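Hi,

Here is the structure we talked about handing over. Please have a look at it first, then read my notes below.

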Amino acid sequence: SALDVVVVGSCNTDFLSYAPHLPKEGETLTGSKFETGCGGKGANQCVAAGKLGAKTAMITKIGDDIFGLEFLKSFKANNVKCDHIGVVKGVSTGVAAISVADNGANCIIIVPGANNSLTTEDVEAAEETIKSSKVLVCQNEISLDVTLAALKLARKQTVKCIFNPAPAQAGLHSDFFTIPDIFCVNETEAEIMTGSVVNSVESAIAACKILVENKNCRSVVITLGSNGCVYQAKKGDEPMHIGTDKVFAVDTTGAGDSFIGSLAFFMCKFPHLSMAEMLKRANKIAARSVTKRGTQVSFPTASELPADLYDDNDDDDD
Ligand code: RIB
Ligand code: NA
């Protein structure tokens, strides 16, 4: 294929405020630091793959404001093709107001802005780009019908697809479960999707089974932060747990995006590795991202990573 990873998804400018703890209702807190950066789950996952060395493309909409221009600059600097990025007149680029606590936890309010202007026609117009990619990645920060159109197109073209329904939404149509090759959620999202509590490796394994056996997902990854992830390859299989490196978390914002972008990268560039090995490597890269502030700026590039992450074989030597 001409391209590795294509993302149909969101751009949000991140406004990150760092404070001792997350604010409670009605509380005014004095923070210690403020930063802005290019974010949004779609753009983050695309840039994460691009920084690792994948050839990527982003299908998205931005506003005709200075924030939109920043996205174009950042995409160009990070291996992302911009042929299908629309600029919407009189609409603001998506924004995310993010609070980050000293322990690395965060909470986010997003205002979609131009992300809501992405249409199924835009996806159809990008058909050639999607067709010429190895992996399509979608999230849940644009209209559901647009995401579904992209997933269906990928399936028709036998382009592998990863769906990350984040932020989670209850009552998703069954197509969102059955079409993607990989359905990837975090603990909260898994809970909303299954109605069963997910707060441990064991409960994640149970949720994984519900998603594969009852919701008919083809394969499922549930990310568990410092506990790594669990993965079920197909119906009837036993889910496996893949642990990760213990790190000092400074900012967990975008860690899930780093993980998914990395997984997409390995699926394209090292397709013969086992899924367990790809997930192990994606875990390691995501763990690294939480040791730095911010989202895209915290994602590592190839040159910053140990060579064994780019090793061509599956052998477990650590
Ligand atoms: O997953 C992290 C991202 O979620 C942030 O970059 C923010 O923009 C929100 O979309
Ligand atoms: Na980070």
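The notes below start with the overall fold and then turn to the ligand site.

Keep in mind that this is a predicted model.

Overall fold. The chain contains 10 helices and 14 strands. Its C-alpha trace spans about 50 × 45 × 40 Å along the principal axes. The radius of gyration is 18 Å, which agrees with a compact globule, because 318 residues would then give a value near 20 Å.

Where the ligand is. Ligand 1 sits in the largest pocket. Four elements each give two or more residues to the shell around ligand 1. They are strand E2 (12-19), helix H1 (41-52), strand E7 (94-101) and strand E8 (106-111).

Who surrounds it. The ligand 1 shell has 14 residues. Asp14, Gly40, Lys41, Glu141 and Asp257 are the closest. By type, the shell splits into 4 nonpolar, 6 polar and 4 charged residues.

Polar contacts. Three side chains are worth a look on screen:

- Glu141: one of its polar side-chain atoms is 2.6 Å from an oxygen atom of ligand 1.
- Lys41: here a polar side-chain atom lies 2.9 Å from a ligand 1 oxygen atom.
- Asn44: an N or O atom of the side chain is 3.0 Å from an oxygen atom of ligand 1.

How much of ligand 1 is covered? The protein covers 96% of the accessible area that ligand 1 has on its own, which is 280 Å².

Best wishes

Terms used: Residues are numbered from 1 along each chain as its sequence is written. Chains are lettered from A and ligands numbered from 1 in the order in which they are written. This is a predicted model: local features need pLDDT of at least 70, side-chain atom pairs count only at pLDDT 80 or more; totals for chains, interfaces and linings use all residues. Side-chain values use heavy atoms; hydrogens and water are left out. A residue is near a molecule or strand if one of its heavy atoms lies within 4 Å of it. A polar contact is a pair of N or O atoms within 3.5 Å; within protein, one must be able to donate a hydrogen and the other to accept it, and residues adjacent in sequence count only if both atoms are side-chain atoms. Accessible areas come from the Shrake-Rupley method with a 1.4 Å probe; for residues, only the protein chains shown count as cover. On a 1 Å grid over the protein atoms alone, a cavity is a set of points where a 1.4 Å probe fits but cannot get out, and a pocket is an open set with protein on both sides within 12 Å along at least five of seven lines; lining residues have an atom within 4 Å of a point. A molecule sits in a cavity or pocket if more than half of its atoms lie within 2 Å of its grid points. Ala, Val, Leu, Ile, Met, Phe, Trp, Tyr, Cys and Pro count as nonpolar, Asp, Glu, Lys and Arg as charged, and the others, Gly among them, as polar. The radius of gyration is taken over C-alpha atoms; the globule rule is 2.2 Å times the number of residues to the power 0.38.
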